[in-house]
Amino acid sequence: MPIESTACDVLVVGGGPAAATAARLLSLWGRDVVVVAKPDGNDPELPESLTPSCQRFFDLMGISPEVNGAGFVRSSGHTVWWGGEFRCEPFSDGAKGWQATTGRLSRVMLEAAVASGARLHRGVLSADEVLAWPAAYRLDCTGRAGVLARPLGTRRYEAGHRTVALVGTWRRADEWALDNPTHTLLESYQDGWAWSVPIDRRDRALAVMVDPKTTALTKGTGAVAVYLGEIAKTSHLAELFRSADLRHGPHGWDASMYTAERPAGDSWLLVGDAASFVDPLSSAGVKKAMASGWLAAVTVNTALGSPALKDTAFTFFTTREHETYAQFLALTERYLLDGAPDANNPFWDGRGALASGDADRDAVIEAYARIRQASSVTFSAGPGAQLGARPALRERELVLEQRLVDGATPEGVRFVDGVDVVVLTRLAPGYQQVPDLFDAYVQHAGVVALPAFLKALSTAVARGWLLDA
């Protein structure tokens, strides 16, 4: 049955975490939102590992009680056999993440979006139908399907990162033989890498990540034989799952990295996995989706409330999406560099990249040493730093704020380690003792830790925002 295209402020297409985040926030902010999502229950329940940092977005949406009451396993960290080394990595300060599945998490979040006022329709729209919908703005949150992303976004796949995931659900009759049964488990092996997360006390998901072009896939009849053959190449996970039973799967899905060259148009945005997909190795897929959903909600809320800022907001969205993908790509390549069990292996060759150093680090250390050793200081404004109005995110809208702008950071800088460098550089020329400058900063901008203040001051000198005579 065709879906009635009712008029609205924002049309959200998709039913995952990115869609639910954008729809929930926009509805809470008083916008009229329609969500069109595929019929529920058609896709397999794929595992998702959520880090504790996702709590920020659950709190922002006001859905922490719903998520914590959904029965997800609370994870305390990672257990890793990577590149021949073993590491047990608990989350800091006793924090806990969540071991969820795509469908269950999406249902919890989408129900919360509906509870906040979003109107939900079940069905599938074509790109033409999305563009013709009577809405001020449209958000493509359809993930890899990319209802708008494929025809309009100019999707580009990352060279050297072709990856296919095979995932199944396993059950043991007794407890799993693990010191930390809530942990995400990761193991690299010659032809790929594997990971496992708990679903409940008895069931765990196990996935193998391979490159079909380079991995010497075990030959056999059907996907099960290939899947079991890859598990057999691991050491620790093969032993752990030896006495477990494969209950469901394996399901195969494309886990290759990609990005959209054009994540925004005149009246539409590509959100979450529709805009870009990062390697599951990061364990940040859901967090990235929610962050993108929040950014999209802020962008269109700004455009609706302040039309004069619409182009600024859409440009900011595009820049932030590209920056986020670049950061995750660099992070993934650093992890992959360490994962190869031996040299000259087809799966691992070309996937890793050496981590680039912090260009400012040596200059900041040198500036810090000069400041500490000086009996007094004389600061003046550096010629390379200018104040400029740049867009900045607030909880529900973009605003223009003053930032320090130089050739290296045309987007501007406002904070370094939580220290407002605009205030700091304005105050610094009036003081000859660092303790006096610190006291003045606290009076003007609020309490900060002294080490953070000294780092920000040293950074200002290293970057040329301040000259120290």
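1. Two strands count as paired when DSSP finds at least two bridges between them. With that in mind, this predicted model contains an open sheet of seven strands, which follow one another in the order E6-E5-E12-E13-E14-E11-E15 with mixed pairing. Its edges are formed by strand E6 (85-90) and strand E15 (245-254), each of which pairs on one side only. From one strand to the next, the twist averages 15 degrees.

2. Within this sheet, strand E11 (residues 164-171) and strand E14 (residues 203-210) run antiparallel and are joined over eight bridges. As a landmark for a reader following the pairing, Leu-166 stands opposite Val-208 in E14. Helix H7 (residues 222-233) packs on the sheet, where it touches E11, strand E12 (184-189), E14 and E15, and the direction of H7 makes about 85 degrees with that of E11.

3. At the E6 edge, strand E5 (residues 77-82) and E6 pair in the antiparallel sense over six bridges, and Trp-81 stands opposite Phe-86 in E6. The two strands, E5 and E6, form a hairpin with two residues between them, and Gly-83 in the turn has a positive phi of about 60 degrees. E6 itself is hardly covered, since the count of buried residues among its six residues is zero.

4. The other edge strand, E15, deserves a look at its backbone, for Pro-250 lies in this strand and is joined to Gly-249 by a cis peptide bond with an omega of about 10 degrees. As background to this point and the next, most peptide bonds are trans, and most residues other than glycine have a negative phi.

5. Two residues that are not glycines nevertheless have a positive phi, and a reader may wish to look at both. Asp-93, with a phi of about 60 degrees, is found in the loop between E6 and strand E7 (97-101), and it counts as exposed because its relative accessibility is 81%. Thr-154, with a phi of about 55 degrees, lies in the loop between helix H6 (149-152) and strand E10 (155-157), and at 48% relative accessibility it counts as partly exposed.

6. Turning to the helices, helix H9 (residues 285-305) and helix H10 (residues 310-337) pack at an angle of about 170 degrees, with their axes 8 Å apart. Angles over 145 degrees count as roughly antiparallel, and H9 and H10 are therefore roughly antiparallel to each other. On the H9 side the contact is made by Lys-288, Ser-292, Leu-295, Ala-296, Thr-299, Thr-302 and Ala-303, while H10 contributes Lys-310, Ala-313, Phe-314, Phe-316, Phe-317, Arg-320, Glu-321 and Phe-328. By class, this contact of H9 with H10 comprises eight nonpolar, three polar and four charged residues.

7. Thr-332 is also part of helix H10, and it counts as buried because its relative accessibility is 0%. Leaving aside residues up to four places away in sequence, Thr-332 touches His-161, Met-257, Asp-279 and Leu-281. Thr-332 and Ser-235, by comparison, are 97 residues apart along the chain, and their C-alpha atoms are separated by 23 Å.

8. A second helix pair, helix H11 (residues 361-373) and helix H14 (residues 450-462), packs at an angle of about 110 degrees, with axes 8 Å apart. Because angles of 65 to 115 degrees count as roughly perpendicular, H11 and H14 are described as roughly perpendicular to each other, and H11 passes H14 in a right-handed crossing. In this contact, Ala-363, Val-364, Ala-367, Tyr-368, Arg-370 and Ile-371 of H11 meet Leu-454, Lys-455, Leu-457, Ser-458, Thr-459, Val-461 and Ala-462 of H14. The residues of the contact of H11 with H14 divide into nine nonpolar, two polar and two charged.

9. A last point concerns Asp-32, which lies in the loop between helix H1 (17-28) and strand E2 (33-37). Is this residue, Asp-32, buried or partly exposed? Its relative accessible area is 31%, and Asp-32 is therefore partly exposed. Apart from residues up to four places away in sequence, Asp-32 touches Ala-7, Cys-8, Asp-9, Val-10 and Arg-119. Asp-32 and Arg-320 are 288 residues apart in sequence and 25 Å apart in space, C-alpha to C-alpha; Arg-320 is one of the H10 residues in the contact with H9.

Conventions
Residues numbered from 1 in each chain as written. Predicted model: local features only at pLDDT ≥ 70, side-chain atom pairs only at ≥ 80, totals over all residues. Heavy atoms only, no water. Axes fitted to C-alpha atoms, helices over the stretch in contact; angles between N-to-C directions. Helix = DSSP H or I, 4+ residues; strand = E, 2+ residues; numbered from the N terminus. Parallel < 35°, antiparallel > 145°, perpendicular 65-115°, else oblique. Contact = heavy atoms within 4.5 Å. Nonpolar A, V, L, I, M, F, W, Y, C, P; charged D, E, K, R; others polar. Buried < 20%, exposed > 50% of the residue type's maximum accessible area, 1.4 Å probe, protein only. Left-handed = near helix turned anticlockwise from the far one by under 90°.
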